[in-house]
Amino acid sequence: MTIESLDRPELGVLGRQISLSARDLDALTRTVIDHVAAAGPFSGAALHGEVKIVVRICLDWLIHRLNGHPGPVSTDSLEAAAAGCAHAGIPIDTVLRAVNEAFKSGLDLIARLEPADTVGVVTAIGRVVELSKLVTGAVSKAYVREYKADAAEHQTATHNLTSALLGGQPPAHDLLVAAEYFVLALAVPAHPDEDRPGLDRQVVARRKLRRLQSALAALLDGAALSLLSVDGGTVLVPCTASTDAELDGLVRALAEAALVPITATVVNARPEEVPTAARQAHELLDTAQRMGLDPGLHRFAELALQHQLSRPGIAREVLGNHLTPLDEHPELRDTLQIYIDVDLSRLRAAERLGVHPNTVDYRLRRIGELTGFDPARASGLWYLRSALIARQLA
């Protein structure tokens, strides 16, 4: 609808003109505001600001239209008042409820006056409805514009803070920095639909990313800082927004939202330590993936040995070489790996291998003979497990 569509002078539809002084208009405005305040949740004091201006503008326009005068030539004043309501944190439904109350007052005015005829009543009500549509559209437009501006400003500030922390730069003074962060590195695999014929891979991947970002914002009430792509990235969670124990549930919830299994690692850091912590978290994530660990959250304490053995050097080469005698006996190497995976249970190892438990015992003794490290002894088992990790990470 355009403003011009209301600009149709149609005088004489009511039996007499509506004559309200400025004082009468103010009184009617207060009555409307009181009705809205009674419905809650905002008090009358909270509404006696920009909402009152919106209502007064609507009533003024309404009376002019019912008196047969042209409609407003501009909605700028109304949009400015509606934008003020948005800034004040008043929900749009509260403002629109106030607008509806104002137009109900207009209908009450029609009921109290003696219209010229039935056509006059229909015409007057039509003016109320048309003006209501115009006002509703103007208020909605103002709210959308303000919300977009606020979102863009928040997004810019969040991006600047994230970039500053990860880049080791001092954040701007007006940005709120937490005393400590959980620095999470995330690996997000492809969704099955990304490889489905007939679907746009990039579109499916972007939707997965949007689901992940929306869930992150909702779960932490917008407190998290993130730098994410379709295959993962870095998330900074203020320690005031989550506890360490809650991070496991957070990662599971993010995986459910993204509809893919997510693998993550975490390192604690003060703001100035974030760049180093982010690098360490991603190194741990790389270790977890190369080790073939299950999806979920993995901490440094869990991966300390694996992480250290992932560092190139002569120590890793020496450890890996301890398993060289098993290269010609893959069944022995597999038995050792499974024996360790099932927490040193010969019965469970036998079940998984499909052999008799005595066969497992024989193979373990044979491993000790070939490598010089007895898996039945703590020291020998430690070296053999370390050697397996070194081989996997080499």
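Which residue forms a salt bridge with lysine 104? The first close-up below shows the partner, glutamate 101. This is a predicted model, in which local features need pLDDT of at least 70, side-chain atom pairs count only at pLDDT 80 or more, and totals for chains, interfaces and linings use all residues. Residues are numbered from 1 along each chain as its sequence is written, and side-chain values use heavy atoms, with hydrogens and water left out.

**View 1. Lysine 104 and glutamate 101 in helix H5.** The closest N and O atoms of this salt bridge (a side-chain nitrogen of Lys or Arg within 4 Å of a carboxyl oxygen of Asp or Glu) are 3.9 Å apart. Both residues sit in H5 (residues 92–112), three residues apart, and so about one helical turn separates them. Helices (H or I, at least four residues) and strands (E, at least two) are DSSP runs, numbered from the N terminus. Glutamate 101 is buried, with a relative accessible area of 19%, while lysine 104 is partly exposed at 46%. Here buried means under 20% relative accessible area, exposed over 50%, and partly exposed in between (1.4 Å probe, protein chains only).

**View 2. Aspartate 286 and arginine 290 in helix H9.** Here the two side chains meet in a salt bridge of 3.2 Å, N to O. Four residues apart in H9 (residues 274–290), they are separated by about one helical turn. Aspartate 286 is partly exposed at 37%, and so is arginine 290 at 35%.

**View 3. A salt bridge between helices H13 and H14.** Arginine 346 pairs with aspartate 361, with the closest N and O atoms 2.7 Å apart. Arginine 346 lies in H13 (residues 346–353) and aspartate 361 in H14 (residues 357–371), so the pair ties together parts that are 15 residues apart in sequence.

**View 4. The buried face of helix H8.** H8 (residues 247–258) has 12 residues. Leu247, Leu250, Val251, Leu254, Ala255 and Ala258 are buried in H8. Seen down the helix axis, the buried residues fall within an arc of 135° (taken from the directions from the axis to the C-beta atoms), so they line one face of H8. Their cover includes strand S1 (181–187), helix H7 (201–219) and strand S3 (232–238), where contact means heavy atoms within 4.5 Å. On the other side of H8, look for Arg252 and Glu256, which are exposed.

**View 5. Proline 192 and valine 260.** Proline 192 has its place in the loop between S1 and H7 and is exposed, at 57% relative accessibility. Proline 192 and valine 260 are 68 residues apart in sequence, yet 8.5 Å apart in space, C-alpha to C-alpha.

Key
The expected span of a helix is 1.5 Å times one less than its number of residues.
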